[in-house]
Amino acid sequence: MMGACFECLAMLAHTALERDRTAEARRWLELLRVSPVSAGDKYSARELAVISTRVALLSNRPSDANRFLPESWEWVKREE
């Protein structure tokens, strides 16, 4: 059940970003950050990083966006 809540909030954040509603996306992001996730859930951490990066870029904070990017892109290759 916890994962479903996180996924819904993530979907709402992405939808807000697609509709150019950065402030709304930022509110969903804050809820995501305090949302409980299951132990060992890799999806949530990555999804949180993606949304955080998008919000930072759209808020004209590229240095903040860089903070959320992974140090290595190896995980992307493993996910393919």
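Which element of the protein chain has the lowest mean pLDDT, and which the highest? Helix α5 (residues 74-79) has the lowest, at 59, while α2 has the highest, at 95. Here pLDDT is the predictor's confidence in each residue, from 0 to 100. Over the protein chain the mean pLDDT is 84, and 82% of the residues reach 70 or more.

This is a predicted model, in which local features need pLDDT of at least 70 and side-chain atom pairs count only at pLDDT 80 or more, whereas totals for chains, interfaces and linings use all residues. Residues are numbered from 1 along each chain as its sequence is written, and side-chain values use heavy atoms, with hydrogens and water left out.

**The overall plan**

Let's look at the chain as a whole. It has 5 helices and 0 strands, following the pattern α-α-α-α-α along the sequence. Helices (H or I, at least four residues) and strands (E, at least two) are DSSP runs, numbered from the N terminus. Contact means heavy atoms within 4.5 Å. Of the contacts with a separation of 6 or more, 55% join residues 24 or more positions apart.

**Two helices that meet**

Now turn to helix α2 (residues 22-34) and helix α3 (residues 42-58), whose axes come within 10 Å and cross at roughly 150 degrees. Axes are lines fitted to C-alpha atoms, for helices over the stretch in contact, and angles run from 0 to 180 degrees between N-to-C directions. The two helices are therefore roughly antiparallel to each other; that term covers angles over 145 degrees. In α2, the residues that meet α3 are Thr 22, Ala 25, Arg 26, Leu 29, Leu 32 and Arg 33. Their partners in α3 are Leu 48, Ile 51, Ser 52, Val 55 and Leu 58.

**Two buried serines**

Of the 80 residues in the chain, 26% count as buried, meaning under 20% relative accessible area (1.4 Å probe, protein chains only). Here are two serines to find in the structure, with contacts that leave aside neighbours within four places in sequence.

| Residue | Place | Relative accessible area | Contacts |
|---|---|---|---|
| Ser 35 | loop between α2 and α3 | 12% | Cys 5, Phe 6 and Leu 9 |
| Ser 44 | helix α3 | 4% | Phe 6 and Val 37 |

Ser 35 counts as buried because its relative accessibility is 12%. Ser 44 is buried too, with a relative accessible area of 4%. Phe 6 is among the contacts of Ser 35 and is also in contact with Ser 44.

Technical notes:
Angles under 35 degrees count as roughly parallel, over 145 as roughly antiparallel, 65 to 115 as roughly perpendicular and the rest as oblique. Buried means under 20% relative accessible area, exposed over 50%, partly exposed in between (1.4 Å probe, protein chains only).
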